[in-house]
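Trainee: I'd like to understand one part of this model really well rather than skim the whole thing. Could you pick a helix and walk me through it and its surroundings?

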Amino acid sequence: PGAAAIEGDVALHMLKGTPMAAAPDSLKLDFARSGAGQAVANFMKAEQQHIGGWKVDRIVEAAGSEFNAVCWRQRLLEEVASSQVVLFSFVDCPWCLLAKERLAAIEGNEAWLPAGSVRTIELEARGRDGKALRAAIAAATGRTSMPSVWVGGRCVGGFTDGDMPSGEPGLCLAASPGFEALEASGRLP
């Protein structure tokens, strides 16, 4: 995405504009579950460790000169308080699709997650507000990848990763392994 991510009116991600983004969801899910998908997830985790701060700065820059960090942090807090689980997503991201699939499977079937308690926010659909919301998420968590999964008003990370050493302690679950591992281990909420 490069300059388009900064200059455009919609939040973008690294797969936007690639054949992967145009593939059917079933193929995206197959890819994310494959060894190649795991390799990409591992790469993204390593990238976050090495250049995460720089990426947060670029995402904030992409939100535009009118971005007000205090106002958008408050808006983020309002969004994550709106439901037991709030999932910030890109509509064509394979790992976002995995998170949506798993949440759909457990919503209403787990005592801690009654029917109607999951809210998905597609950042692209929000236009410039999606860019600002993504910037607020990055500033609060130190994470730049999607999805961003929030349970009970706290970020547990993404689907396959979660460590947020530079995230706000009150907003981020410390040493989180990500939603998938937390859910599998029974450590949610």
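**A close look at helix α6**

Mentor: Happy to! Let's start at the end of the helix: α6 is followed by glycine 108, which has a positive phi, near 85°. Before we go further, please keep in mind that this is a predicted model, in which local features need pLDDT of at least 70 and side-chain atom pairs count only at pLDDT 80 or more, while totals for chains, interfaces and linings use all residues. Residues are numbered from 1 along each chain as its sequence is written, and side-chain values use heavy atoms, with hydrogens and water left out. Helices (H or I, at least four residues) and strands (E, at least two) are DSSP runs, numbered from the N terminus.

The helix itself has 13 residues and reaches 19 Å from its first C-alpha to its last. That is close to the 18 Å expected at 1.5 Å a residue, where the expected span is 1.5 Å times one less than the number of residues. Its buried residues are Pro94, Trp95, Cys96, Leu97, Leu98, Ala99, Leu103 and Ile106. Here buried means under 20% relative accessible area, exposed means over 50%, and partly exposed lies in between (1.4 Å probe, protein chains only). When you read such a list, remember that an α-helix has 3.6 residues a turn, so residues three or four places apart point the same way. The cover over these buried residues includes α2 (19-22), α3 (25-33), α4 (35-62), β1, β2 and α8 (179-185).

You may be curious about the cysteine in that list. A search of the whole structure finds 0 disulfides, a disulfide being a pair of cysteine sulfur atoms within 2.5 Å. Cysteine 96 is in no disulfide, and its nearest cysteine sulfur, that of cysteine 93, is 3.1 Å away. The relative accessible area of cysteine 96 is 0%. Elsewhere, cysteine 172 has no bond to cysteine 155 because their sulfurs, at 5.3 Å, are too far from each other; cysteine 172 is buried too, at 4% relative accessibility.

Now step back along the chain. The loop between β1 and α6 holds aspartate 92, which counts as buried because its relative accessible area is 8%. Apart from its neighbours within four places in sequence, aspartate 92 is in contact with His13, Lys16, Ala21, Lys28 and Glu124; contact means heavy atoms within 4.5 Å.

Before that loop comes β1 (residues 85-89), and 5 of its 5 residues are buried. In a regular strand the side chains alternate between the two faces of the sheet. In β1, Val85, Leu87 and Ser89 point one way, while Val86 and Phe88 point the other way.

How does the helix fit with the strands? Together, β1, α6 (residues 94-106) and β2 make a right-handed β-α-β unit. Right-handed means that, with the strands pointing away from the viewer, the path from the first strand over the helix to the second runs clockwise. The strands β1 and β2 (residues 118-122) pair in the parallel sense over 5 bridges; two strands pair if DSSP finds at least two bridges between them. One such bridge links serine 89 to glutamate 122 in β2.

β1 has another partner: it pairs with β3 (residues 148-151) in the antiparallel sense over 4 bridges. Phenylalanine 88 stands opposite serine 148, and valine 85 has valine 151 as its bridge partner. β3 is covered on both faces, with Ser148 and Trp150 buried on one side and Val149 and Val151 on the other. β3 also pairs with β4, again antiparallel, over 3 bridges.

Two of these strand residues turn up again in the interior. The largest nonpolar core has 50 residues, and those with the most contacts inside it are Leu76, Phe88, Trp112, Leu123, Trp150 and Phe179. Such a core is a set of buried Ala, Val, Leu, Ile, Met, Phe, Trp, Tyr and Cys residues joined through side-chain atoms within 4.5 Å. Leaving aside neighbours within four places in sequence, tryptophan 150 touches several residues, among them Val86 and Phe88 of β1.

One last stop, just before β3: a cis peptide bond, with omega about 10°, joins methionine 146 and proline 147. Proline 147 sits in the loop between α7 (128-141) and β3.
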